[in-house]
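Please look over the sequence and the structure shown here, with attention to the two ligands and what surrounds them. The briefing that follows takes ligand 1 before ligand 2.

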Amino acid sequence: MTTSTDAFSYALEPSPAPVSDERRAEILANPGFGVHFTDHMFTSEWTPETGWADPTVKPYGPLMLDPATAVLHYAQEIFEGLKAYAHADGSIWTFRPDANAARFQRSAHRLALPELPEDWFIGSIDALVTTDRSWVPTGGETSLYLRPFMYASEAFLGVRPSKHVTYCVIASPAGAYFAGGMKPVNIWLSREYARAGSGGTGAAKCGGNYASSLLPQQIAAEHGCDQVVFLDSEEHQWIEELGGMNLYFVHDDGTIVTPASDSILEGITRDAIGTIAGDLGYKVEQRRFGIDEWIDGVASGHVTEVFACGTAAVVTQVGALRWPDGEAVTDVDGAGSVTMAIREALIDVQYGRAEDKHGWMHRIA
Ligand code: PLP
Ligand code: COI
């Protein structure tokens, strides 16, 4: 069957064995994060000769990979993360998918992968979510997490950009990213390991960045922390970001600061928060922010709140920064009023409870 969402055409191969209504309802009632997947996935293949071809929504299932497939050896791979939200009237929306499409193109460029046109990116998401619309959870802060990714699928061991590339989108109903829900998270300071370096791939959303974050993340967990914060790789003093989230520092003078660096992932949530915080009357700064400024600022009371932000984590208050012989605690009274005001303003737009003043929402169905 061939079908289309607006201008984007694709083939539809319906799943012969979709999950039963009862089982789906059970999953949607308690989705967790990234553990359950919908009935379908989207795929498309690229070669230099054909360009992007064979856009298809097909049954969700394993990918067959030759053991020599390039991605397994040289990690030529990128991904994105965004969510589909059910609004009270039953309509389904994504938040700034054009920004994810643009970042996916920047990541592709850095990893020498072919850029996917924006209408394919948005069209593929619309196609999958339309097909699996019954999987979009409703109620609370649930959503359908969407994971577009692209990888080198040529079976070849030479080190050069792949001449066969696969693009795929999968979807997973999601609740809170952190098991503790809205509880503040504690952060471990990694002084030994960097996530990325100047001129490297830190600003691209590629799997390798996450692979390099796993050992420090494991060390953080051993110290009872939920996430790790990375510093710059040269001077080891400038705050970069967490393993999978950006950071904001709330100051007692109404300023909120987020680190500037060319080796962090430019978060779409972080960017939106910059605008929202401005709308709420806060002064927003993007500048280099030192680890001493964090620790001393908390001690002096100049830094009153710290929060992490990202698609998966939304806006999550940081309780404490910890290192081997000390900690800087920001969740003193558990209030986090600025963090909570920004969080509410953001999710109100995403869930359709507040006016979309900046034209960020894209209707799928
Ligand atoms: N930084 C890293 C390393 C991430 O993985 C993410 C999540 O995507 C973010 C920041 C936040 O980006 P966004 O707000 O676009 O989800
Ligand atoms: C996202 O927020 O989409 C991410 O990619 C972060 C990841 C840790 C789940």
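Sixteen residues surround ligand 1, and of these 16 the ones that come nearest are K205, Y210, E241, T269 and T311, where a residue is near a molecule if one of its heavy atoms lies within 4 Å of it. This is a predicted model, in which local features need pLDDT of at least 70 and side-chain atom pairs count only at pLDDT 80 or more, while totals for chains, interfaces and linings use all residues. Residues are numbered from 1 along each chain as its sequence is written, chains are lettered from A and ligands numbered from 1 in the order in which they are written, and side-chain values use heavy atoms, with hydrogens and water left out.

**Ligand 1**

- A polar contact is a pair of N or O atoms within 3.5 Å, and the side chain of Y210 places an N or O atom 2.4 Å from an oxygen atom of ligand 1.
- A polar side-chain atom of T311 lies 2.6 Å from an oxygen atom of ligand 1, and a polar backbone atom of I268 is 2.8 Å from an oxygen atom of this ligand.
- Taken alone, ligand 1 exposes 380 Å², of which the protein buries 96%, with accessible areas coming from the Shrake-Rupley method with a 1.4 Å probe.
- Two elements, α6 (268–279) and β16 (303–310), give two or more residues to the shell around ligand 1, helices (H or I, at least four residues) and strands (E, at least two) being DSSP runs numbered from the N terminus.

**Ligand 2**

- The residues around ligand 2 are F79, G81, Y145, R147, Y177, K205, G244, T311 and A312.
- Domain 1 (2–174) and domain 2 (185–350) both give residues to this shell, so ligand 2 lies between them; the domain bounds come from an automatic or database domain assignment.
- An oxygen atom of ligand 2 is 2.7 Å from an N or O atom in the side chain of K205, while a polar side-chain atom of Y145 lies 2.6 Å from an oxygen atom of the ligand.
- T311 contributes a backbone N or O atom that lies 3.5 Å from an oxygen atom of ligand 2.
- On its own, ligand 2 exposes 280 Å², and the protein buries 88% of that.

Definitions and conventions: A polar contact is a pair of N or O atoms within 3.5 Å; within protein, one must be able to donate a hydrogen and the other to accept it, and residues adjacent in sequence count only if both atoms are side-chain atoms.
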